[in-house]
Amino acid sequence: MNNLLTKHILEDLSNRERFRQSLLEWYDENQRELPWRTDPSLYKTVISEFMLQQTRVSTVLPYFQKWIIKFPDFPSLAQAKEEDILKGWEGLGYYSRARNLHKLSQIISTQESIPHDVNFWKSLPGIGPYIAAAVTSISFNQKEAVCDGNVVRVLTRFFGNGEKFKDGAYAQKKLQPLAHVLMPDDRTGDYNQAFMELGATVCHRQSPLCTTCPVLKFCKCGQRGDAENFPVMEKKKKTVQEIDRLWIKSSNALLLQKGKMGNNRLAGIYELPLNTKLGPYIKGKFISLKKRTIGQVLYQESIYWGSISKTLELDEYSLEWVQWKDIEEITISGPHRKWIKEIIQSIESDHT
Ligand code: SF4
């Protein structure tokens, strides 16, 4: 991998030092004000890194603020009930992150002193190489380079690396040693954050701001003007999955389905019931079509009016009548809560 350095301006150690300085000076002056950066702590760093996985900063901000008020430190999170933790996470999706944070805080709370070693962090629930490097560099100044999507984009552009990567995770793994070589010995947490900040705010996927980039003179593609062509990823075919769901209501309740406990990614989370062929439902008129993409799959979910027989064993299908007055209290998956609000509004507007 480090043969990318050969004949590149950053092969020279003094240039590498100049690059680090330029990046850190830019970061000192231009970093975004984020709540986990002001008055930082290990706890805030861990929470923010978990929330930011697969989720934008702008989405995370309100969740982070509420979370810190509700669960201010590792012990309070360790002692919290799982249902309260899931409720605090509602809308962020990928609920295994919340469950892993719960387990992790229980482990951390039993440590007499918290280890700084990256391998300890990698052994904790929900922590992969990226979070381990981010946490240990930011909180303990360990020399561990992060390599996320932002870093991959900047590195491939710096070096004009046209290798076709099969996916983002593979590119991150492959380029991590190069990220490590470029890293300074000091201010490692700031350096990691600066590199990612550059990717997030300057080196955009489309229309990167090369002319005002603080490290343009070290960047091959920035100088050539072809940065948008990098990184090169294999194109993946999107698949479509069609799903039917049902809107079954009574005057004082809505019928919802609760994800089964265990390894199910939606364990304990409520959604509108699925209309499976073997299901005990009667499907009525079409209400609405909802589309969303997760990874390479486009989900097209059609919602229909529905009803069930009064003798149906609800438990067998993980169904529950949830009183309208309790709807705000339970944890409903983000898109479903939005759909429920939309459907209620459209039903009400039909009746006015
Ligand atoms: S010069 Fe352009 S391509 Fe290179 S790092 Fe800066 S913004 Fe990205």
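The legends below describe close-up views of a predicted model.

**View 1. The whole chain, with its 13 helices and 8 strands.** Along its principal axes, the C-alpha trace of the chain spans about 75 × 50 × 35 Å. The chain has 352 residues, of which 31% count as buried. Consider the contacts between residues at least 6 apart in sequence: 66% of these contacts join residues at least 24 apart.

**View 2. Domain 1 and domain 2 and the contact between them.** The chain is divided into domain 1, residues 2-233, and domain 2, residues 239-350. The centres of domain 1 and domain 2, taken over C-alpha atoms, are separated by 36 Å. To the contact, domain 1 gives 9 residues and domain 2 gives 7 residues. Helix α5 (residues 82-89) supplies 4 residues, the largest share of the side of domain 1 that touches domain 2.

**View 3. The largest nonpolar core, with 73 residues.** Val 151, Leu 155, Ala 179 and Phe 195 are the residues with the most contacts inside this core. The core lies between domain 1 (2-233) and domain 2 (239-350), because both domains give residues to it. In soluble globular proteins, nonpolar side chains tend to be buried together. Around Ala 179, leaving aside its neighbours within four places in sequence, the contacts are Ala 145, Cys 147, Val 151 and Leu 155.

**View 4. Helix α11 (residues 188-201), a mostly covered helix.** Of the 14 residues of α11, 12 are buried. The buried residues include Thr 188, Tyr 191, Phe 195, Met 196 and Leu 198. Asp 190, Asn 192, Gln 193 and Glu 197 are also among the buried residues of α11. Among the elements that cover these buried residues are α1 (13-30), α8 (129-140) and α9 (149-159). How far apart should the end C-alpha atoms of α11 be? At 1.5 Å a residue, the 14 residues of this helix should span 20 Å, and the end C-alpha atoms are 20 Å apart, so the two values agree.

**View 5. An open sheet of 3 strands in the order β3-β7-β6.** The pairing in this sheet is mixed. The edge strands are β3 (239-247) and β6 (281-294), each of which pairs on one side only. On average, neighbouring strands of the sheet are turned by 20° against each other, direction ignored. Strands of a sheet pair through backbone hydrogen bonds, either parallel or antiparallel. In this sheet, β3 and β7 (residues 297-308) pair in the parallel sense over 9 bridges, whereas β6 and β7 run antiparallel and are joined by 11 bridges.

**View 6. Leu 298 in strand β7.** Across the pairing of β3 and β7, Val 240 stands opposite Leu 298. Thr 239 and Leu 298 are 59 residues apart along the chain, yet their C-alpha atoms are separated by 6.1 Å. When neighbours within four places in sequence are left aside, Leu 298 is in contact with Lys 238, Val 240, Lys 291 and Thr 293. Is Leu 298 buried or partly exposed? Leu 298 is partly exposed, because 14 other C-beta atoms lie within 10 Å, whereas a buried residue needs 20 or more.

**View 7. Edge strand β6 and its hairpin with β7.** Strand β6 is hardly covered, for 1 of its 14 residues is buried. Two bridge pairs illustrate how β6 and β7 are matched: Lys 290 has Glu 301 in β7 as its bridge partner, and Ile 282 has Ser 307 in β7. In the hairpin, 2 residues stand between the strands β6 and β7. Gly 295 of this hairpin takes a positive phi near 60°.

Notes. Residues are numbered from 1 along each chain as its sequence is written. This is a predicted model: local features need pLDDT of at least 70, side-chain atom pairs count only at pLDDT 80 or more; totals for chains, interfaces and linings use all residues. The expected span of a helix is 1.5 Å times one less than its number of residues. Two residues are in contact if their C-beta atoms, placed from the backbone, lie within 7 Å. A nonpolar core is a set of buried Ala, Val, Leu, Ile, Met, Phe, Trp, Tyr and Cys residues joined through C-beta atoms within 7 Å. Domain bounds come from an automatic or database domain assignment. Two strands pair if DSSP finds at least two bridges between them. Axes are lines fitted to C-alpha atoms, for helices over the stretch in contact, and angles run from 0 to 180 degrees between N-to-C directions.
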